[in-house]
Every structure is written in structure tokens, then in C-alpha cells.
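Here are my notes on this one, in numbered points. Have the model open alongside as you read.

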Amino acid sequence: MSNFLKQAQDLFPYTQTLRRDFHMHPELGFREVRTSGIVAKELETLGIEVTKGVGKTGVVGWLEGGKPGPTLLMRFDMDALPIIEETGAEYASQNEGVMHACGHDGHTAIGLTAAKILNEYKDNLAGNIKFCFQPSEEGTNGEEIGGAEMMMRDGVLESPKVDMTLSMHLWNEMPLGKVNVAKGPVMAGAEMFKVRIIGKGGHGAIPNQTVDPVVCAAQIITAAQSIVARNVAPLETAVVSFTMINGGTAFNVIPQEVMLEGTIRTFEPQVRVKVLKRFEEIVNGVAQAMGCRAEIHNKQLTPALINAEQVTEKAQEAARQILPEAILDTSPYITMGAEDMAFMQEKVDGCYIFIGSANHEKNLDYGHHHPRFDFDEQALVQGVALMASAAAEILK
Ligand SMILES: [Zn+2]
Ligand SMILES: [Zn+2]
């Protein structure tokens with residue numbers, strides 16, 4: 001068990017070369033043709049059975065362990081973002097307007113290196129590994145669903161059936177040397193809502209002959225603030241944000257309707273149900289009281305990302321053994337950001353790990369999706385060591 005860190009260190013040039021190559025040639029979601037080609041080739045070189053085109057540009061590698069046991073899916077995302085890179089790094093993007101600004105270049109390199117290590121270790125594994133290289137985590141990019149869902153639609157969790165998942169993110173919100181492996185909810189579930197408030201337009205100087213949707217919108221926005229303040233328990237968490245308000249065409253015209261848009265974020269399923277119910281009651285109730293009519297369209301983008309107990313305990317055990325110098329954080333509630341791995345973890349028990357990658361001294365501490373985002377590449381070593389050892393611990 002204990003040689004995983006040493007192997008990850010020895011393989012660092014391999015991981016770094018891959019990461020920098022992916023960084024120089026970033027590809028947007030569902031267009032990871034070059035990236036997935038390299039992934040498939042590297043896995044094939046190891047003798048791992050490869051299936052291409054799972055979820056459009058996704059790649060799946062199948063590694064059979066020496067002993068019978070469950071199947072673990074290890075997921076690494078491959079897509080980049082539509083951002084003009086400003087890092088000035090020697091390995092900066094050569095694909096103008098596209099950038100690996102979230103660290104998925106690192107994830108893909110970590111996945112291939114972990115596959116190399118686990119392939120050598122396979123006789124010791126009591127179970128099998130599905131290496132899942134996923135496209136389009138950042139969004140749907142013109143398709144109706146994102147990468148995780150697209151791979152699931154193509155049956156990535158079936159034949160052979162997946163019993164557990166393991167995945168990770170390099171995380172610039174945490175310094176290098178800190179690792180978070182937490183049970184329970186770790187990323188929020190996200191909804192996108194649109195509310196159309198329909199009144200009766202008219203002259204701005206004769207409001208009594210109108211039903212004003214502007215005043216109604218103002219009341220709805222104010223009243224909805226009480227959901228988080230008064231309906232969600234003080235120790236539970238939710239966000240209700242109105243982020244767009246559109247209505248009206250002239251200073252002396254009361255418009256016919258107003259559109260409101262925004263997002264709701266929650267962790268616990270029962271909190272989500274409660275927030276959505278109160279949202280509907282308040283919007284419809286206030287609209288009715290003001291003489292308007294409201295239409296609500298709510299779309300769930302991702303469920304909350306929730307780490308299962310047993311798998312997470314094993315990953316924590318691996319972290320303690322393999323990275324004794326790292327600061328292991330096991331506290332939940334990491335971020336209100338969203339992650340489509342949540343779709344897989346909704347179906348199968350899984351563990352999602354954060355690996356600290358920021359280095360303030362080296363100026364490698366810009367946030368994810370920033371044009372200057374870059375991470376300390378030593379985090380790649382920790383990522384490889386931890387993912388390989390956690391897989392070995394889970395399939396012990
Ligand atoms: Zn991202
Ligand atoms: Zn990301």
C-alpha cells in the first residue's frame with residue numbers, strides 16, 4: 001500500500017507532460033476529440049480494454065482485478081472552457097479562446113497515471129475498475145444534457161454494473177497539501193428558475209386602470225427572501241437568488257409582463273423540496289394578491305453531490321496512510337458550486353475528493369474559471385497517489 005506515493009512521484013514527469021500537453025490543446029465539451037484520442041491510446045498501451053464514444057467523446061477503460069469483487073468507477077473530466085488564457089505560462093493554450101481554467105487537464109493526466117499504477121497492481125485488486133474519462137462537465141454545450149448524464153445514457157453505469165464511484169477535483173480554494181475527503185453533502189444542487197408575471201399594461205399616469213407587474217415583481221422578490229431567512233432551519237443551507245429582472249419599454253408605460261430569472265441552491269433533498277414548495281407558494285400567492293398571474297418554470301441542473309459513508313471512510317483511510325503530511329479535512333459543506341458527478345452519485349455510492357492545489361508564493365492561486373487560473377503541479381502527485389491508493393483500499 002505504502003508505495004503509491006513513491007510511484008506517483010516517480011511518474012511525475014509522465015503526469016506533468018500529459019497535463020501540459022492537454023493544457024496547450026484545450027477542447028470544449030463534447031469536442032474533446034484530440035484529448036480523448038490520447039486517453040484511449042495511453043490506456044490501450046497499458047493493455048486496458050478501451051471503449052470509445054461513450055457519451056459522444058467519452059472514453060471508458062476496463063481493468064479486471066486478480067480477485068473477484070465489486071466494480072469501481074473512477075471518473076476524470078476532460079473539457080475546457082471558452083476563456084481567453086492570460087497566464088503567460090510556457091504551456092499556455094494554443095487554441096485561442098479556449099482554456100483549461102478549471103484544472104480538468106490535470107484530472108485527465110491524473111487519471112491516466114493512476115491507471116498506469118493500478119494496472120501494475122491489478123493482481124491485488126478484489127474487484128474491477130472502470131476508468132471513466134468524461135466529456136463536458138462544465139455544461140451541456142448545445143446538447144440537452146451534460147457529460148455525466150450523456151455517459152449514463154450510453155450505459156456507463158451498466159454492463160458490467162458499477163457498484164461505487166470515486167472522483168476528484170484539484171481545488172484552488174485550498175492550499176497545496178490540504179485534502180478534503182468528507183462524508184455527506186459536498187456540493188450544492190442547482191436549479192435555474194424563470195418566473196413570468198403577467199399583469200395588465202397601460203399608461204404610467206393612470207395606474208388604476210392597469211394591473212402592474214412591476215410592483216408585483218418587487219413584492220415577489222422581497223417576499224422570497226423569507227424562504228432562506230424564515231423557512232430553512234438555521235443550521236441548514238440554501239440560496240435563493242434573483243439574478244435577472246426584465247420588463248418595460250418606456251418611462252410612461254406600465255408593461256404587460258415582467259420576467260424574473262435566478263437560481264436556487266440546496267444540499268439536503270428535504271431542504272430542496274421545502275424551498276421549491278415555498279418558492280411556488282410565495283410567487284403564486286403574492287402574484288394573486290396583487291391581481292397578477294405567475295408562470296413558474298424550474299429546471300434542475302444538478303442534484304447535490306453527496307458522499308456515501310463507506311466508500312468515503314475507505315478514501316479517508318487511504319489519505320491518512322498515503323499522505324501523512326497532508327492536512328486531511330473531513331468537514332462537509334464545501335461549496336455552493338455544482339458538479340455533474342452528482343448524477344452518478346445519485347445512483348451509485350461514491351466519494352468525491354478535493355485536492356488543494358493553490359500556491360500563494362508562486363502566484364498559482366487564481367480561482368477556477370479565471371483567465372489566470374493555474375495550479376501547483378505538485379498537486380498532481382497527491383492526486384495520483386490518493387486516487388490510486390483509495391481505489392486499492394476500496395477494492396481490498
Ligand atoms: Zn469548472
Ligand atoms: Zn471543474
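1. Long-range contacts dominate here: 81% of the chain's contacts between residues at least 6 apart in sequence join residues at least 24 apart. Two residues are in contact if their C-beta atoms, placed from the backbone, lie within 7 Å.

2. Some housekeeping. This is a predicted model, so local features need pLDDT of at least 70 and side-chain atom pairs count only at pLDDT 80 or more, while totals for chains, interfaces and linings use all residues. Residues are numbered from 1 along each chain as its sequence is written, with chains lettered from A and ligands numbered from 1 in the order in which they are written.

3. On overall dimensions, the C-alpha atoms fill a box of roughly 80 × 45 × 40 Å along the principal axes. The radius of gyration is 24 Å, which agrees with the value near 21 Å for a compact globule of 396 residues. That figure is taken over C-alpha atoms, and the globule rule is 2.2 Å times the number of residues to the power 0.38.

4. The chain splits into domain 1 (4–187 + 304–394) and domain 2 (189–301), with bounds from an automatic or database domain assignment. Their contact takes six residues from domain 1 and nine residues from domain 2. On the domain 1 side, those residues are six nonpolar, no polar and no charged; here Ala, Val, Leu, Ile, Met, Phe, Trp, Tyr, Cys and Pro count as nonpolar, Asp, Glu, Lys and Arg as charged, and the others, Gly among them, as polar. The C-alpha centres of the two domains lie 38 Å apart.

5. For secondary structure, I get 10 helices and 16 strands; these are DSSP runs (helices H or I, at least four residues; strands E, at least two), numbered from the N terminus. Helix H10 (residues 378–394) has 17 residues and reaches 24 Å from first C-alpha to last, close to the expected 24 Å at 1.5 Å a residue. The expected span is 1.5 Å times one less than the number of residues. In H10, 16 of the 17 residues are buried, meaning 20 or more other C-beta atoms lie within 10 Å of the residue's own (exposed is 12 or fewer, partly exposed in between; C-beta atoms are placed from the backbone).

6. Which helix gives the most to the largest nonpolar core? Val384, Leu386, Met387 and Ala391 touch the most other members of this 87-residue core, and H10 is the top contributor, with 12 residues. A core here is a set of buried Ala, Val, Leu, Ile, Met, Phe, Trp, Tyr and Cys residues joined through C-beta atoms within 7 Å. Leaving out residues up to four places away in sequence, Leu386 touches Val179, Ala318, Ala319, Ile322, Leu323, Ile353 and Ile355. Ala318, Ala319 and Ile322 are among the buried residues of H8. A second, separate core of 24 residues includes Ile197, Ile220, Val240 and Leu260.

7. Backbone spots to check: the Ser159 to Pro160 peptide bond is cis, with omega near -10°, and Pro160 sits in the loop between helix H5 (147–153) and strand E5 (164–175). Two residues other than glycine also have positive phi: Lys56, near 65°, and Ser136, about 40°. Lys56 counts as partly exposed because it has 19 C-beta neighbours inside 10 Å, whereas Ser136 is buried, with 29 other C-beta atoms within 10 Å.
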